Amino acid sequence: MANHNPNYSGLLMHAKNKSEEVEKRVDDALKKMIKNQLKINFNSVSEQCGVSKAFLYKNEKLRNRIEVLRQQQIGLSSPKQVKRHMSDASKDVIIVSLRNRITKLETENKELKEQLKINFGKVYESI
């Protein structure tokens, strides 16, 4: 009773649709990673979209795209690198502004303490 001419067309069509769906998911993940300036490599892409690294390596289209994006990111500086390379002048400006803020807050704190003493004195006199 074995079928000597099995029909695999439905199975093959399902596998093709599933593969196309995963490719679309990977494309969406890559767009999101580019937008958020995340590091693009096979590990990060596979984690982001929940596919195996083997699938990414076997699919030539996705493999080439990931490799190109990875190469493009080599020349770009990440936000962490930009922050690390802040100039001394910009650091000095930040330090001065923070010192000004501290002196302003200390002055305000001193005035509030004086006001509190006055109010406690009024409360004590009224008792």
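**Exercise 1. Fold order**

Task: State how the elements of the protein chain run from the N terminus on.

Solution. The model is predicted. Read the protein chain from its N terminus: the elements run α-α-α-α-α-α. Now count by type. There are six helices and zero strands.

**Exercise 2. Burial, surface and contact range**

Task: Find what share of the protein chain is buried, what area the chain exposes, and what share of the contacts joins residues at least 24 apart.

Solution. Start with burial. The protein chain has 127 residues, and 15% of them are buried. Turn to the surface. About 11100 Å² is exposed, and carbon and sulfur atoms supply 57% of that area. Finish with contact range. Take the contacts between residues at least 6 apart in sequence; 52% of these join residues at least 24 apart.

**Exercise 3. The largest nonpolar core**

Task: Identify the residues of the largest nonpolar core that touch the most other members, and trace which helices supply the core.

Solution. The core holds 14 residues. Val26, Leu30, Ile40, Val45, Leu56 and Ile66 touch the most other members. Next, assign the core to helices. H1 (9-35), H2 (42-49) and H4 (60-75) each supply at least two of its residues. H1 gives the largest share, five residues.

Then take Val45 as a probe. Set aside its neighbours within four places in sequence. Val45 is in contact with Val26, Leu30, Met33, Ile40, Leu56 and Ile66.

**Exercise 4. Helix H1**

Task: Compare the span of H1 with the expected one, list its buried residues, and describe the backbone at Gln37.

Solution. First, length. H1 has 27 residues. From first C-alpha to last, H1 reaches 39 Å, close to the 39 Å expected at 1.5 Å a residue. Second, burial. The buried residues of H1 are Val22, Glu23, Val26, Asp27, Ala29, Leu30 and Met33. Third, the exit. Gln37, just after H1, takes a positive phi of about 55°.

**Exercise 5. A salt bridge between helices**

Task: Characterise the salt bridge of Glu23 with Lys61, and decide whether Glu23 is buried or exposed.

Solution. Begin with the total: the model has five salt bridges. In the Glu23–Lys61 pair, the closest N and O atoms are 3.7 Å apart, inside the 4 Å cut-off. Next, place the partners. Glu23 lies in H1 and Lys61 in H4, 38 residues apart, so the pair links distant parts of the chain.

Now classify each side. Glu23 counts as buried because its relative accessibility is 17%, under the 20% limit. Lys61 counts as exposed because its value is 51%, over the 50% limit.

**Exercise 6. Salt bridges within one helix**

Task: Give the N-to-O distance, sequence spacing and exposure for Glu67 with Arg63 and for Glu114 with Lys117.

Solution. Take Glu67 and Arg63. Their closest N and O atoms are 3.4 Å apart. Both residues lie in H4, four residues apart, about one turn of the helix. Glu67 is partly exposed at 27% relative accessibility, and Arg63 is partly exposed at 28%.

Take Glu114 and Lys117. The N-to-O distance of this salt bridge is 3.9 Å. Both residues lie in H6 (residues 88-126), three residues apart, again about one turn of the helix. Glu114 is partly exposed at 42% relative accessibility. Lys117 is exposed, with a relative accessible area of 56%.

Last step: explain the spacing. An α-helix has 3.6 residues a turn, so residues three or four places apart point the same way.

Methods:
Residues are numbered from 1 along each chain as its sequence is written. This is a predicted model: local features need pLDDT of at least 70, side-chain atom pairs count only at pLDDT 80 or more; totals for chains, interfaces and linings use all residues. Side-chain values use heavy atoms; hydrogens and water are left out. Buried means under 20% relative accessible area, exposed over 50%, partly exposed in between (1.4 Å probe, protein chains only). Contact means heavy atoms within 4.5 Å. Accessible areas come from the Shrake-Rupley method with a 1.4 Å probe; for residues, only the protein chains shown count as cover. A nonpolar core is a set of buried Ala, Val, Leu, Ile, Met, Phe, Trp, Tyr and Cys residues joined through side-chain atoms within 4.5 Å. The expected span of a helix is 1.5 Å times one less than its number of residues. A salt bridge is a side-chain nitrogen of Lys or Arg within 4 Å of a carboxyl oxygen of Asp or Glu.
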